[in-house]
Amino acid sequence: MRYLVLGAGLQGTAIARDLLVGAEGTTAVQVIDSDADRLAELARRLDDERLATTAGDVTDEALLSPLLEDADCAVSAVNYWYNYTLARLAADRDPERRAEHWPQVQTFVRDHGGVEYAYERLDGADTDCDGK
């Protein structure tokens, strides 16, 4: 399984570590964060060849779209107000690849707060997501 972790703060670091250490079948963990120094420290601490980092802004669709394309699952550890953009981008992934998993989802995105806000905005938007 290939994971994309959005954010390399305390939560993102813990998520990346748990995926690398404890999630059976993890083949890659890509972490994106705006702080290049934080990413360098994360890579040094975790020291795992399956870990890759990208310095950038999670609201940069041109940067994030290919990272989502390469991920089987994305985990958001950034502020909830990014959820709408992230959920919309995830819902717009390649339909052939997503059909292997679920018919209505392209890239799975998991967040720990503010999900209702994103779903309300996605419901009726020009995506395959029906807000459920």
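A residue is taken as buried when its relative accessible area is under 20%, as exposed when the area is over 50%, and as partly exposed in between, with a 1.4 Å probe and protein chains only. Helices (H or I, at least four residues) and strands (E, at least two) are DSSP runs, numbered from the N terminus. The structure is a predicted model, in which local features need pLDDT of at least 70 and side-chain atom pairs count only at pLDDT 80 or more, while totals for chains, interfaces and linings use all residues. Residues are numbered from 1 along each chain as its sequence is written, and side-chain values use heavy atoms, with hydrogens and water left out.

A good place to start is helix α4, which spans residues 83-91. Eight of its nine residues are buried, so the helix is largely enclosed by the rest of the structure. The buried set consists of N83, Y84, L86, A87, R88, L89, A90 and A91.

Attention now turns to charged pairs. A salt bridge is counted where a side-chain nitrogen of Lys or Arg lies within 4 Å of a carboxyl oxygen of Asp or Glu, and the model holds five of them. One of these joins D33 to R38, with 3.8 Å between the closest N and O atoms. Here D33 is buried, at 8% relative accessibility, whereas R38 is partly exposed at 39%.

Helix α2 (residues 36-46) carries a salt bridge within its own length: R44 and E41 both belong to this helix and sit three residues apart, about one turn. Their closest N and O atoms are 2.6 Å apart. R44 is exposed, with a relative accessible area of 56%, and E41 is partly exposed at 33%.

Readers following the chain onward will meet D47, located in the loop between α2 and β3 (51-55). Its phi is near 40°, a positive value in a residue other than glycine. For context, most residues other than glycine have a negative phi. D47 is also exposed, at 67% relative accessibility.

A further salt bridge links the side chains of R50 and D48, with an N to O distance of 2.9 Å. Both partners have intermediate accessibility: R50 is partly exposed, with a relative accessible area of 26%, and D48 is likewise partly exposed, at 22%.
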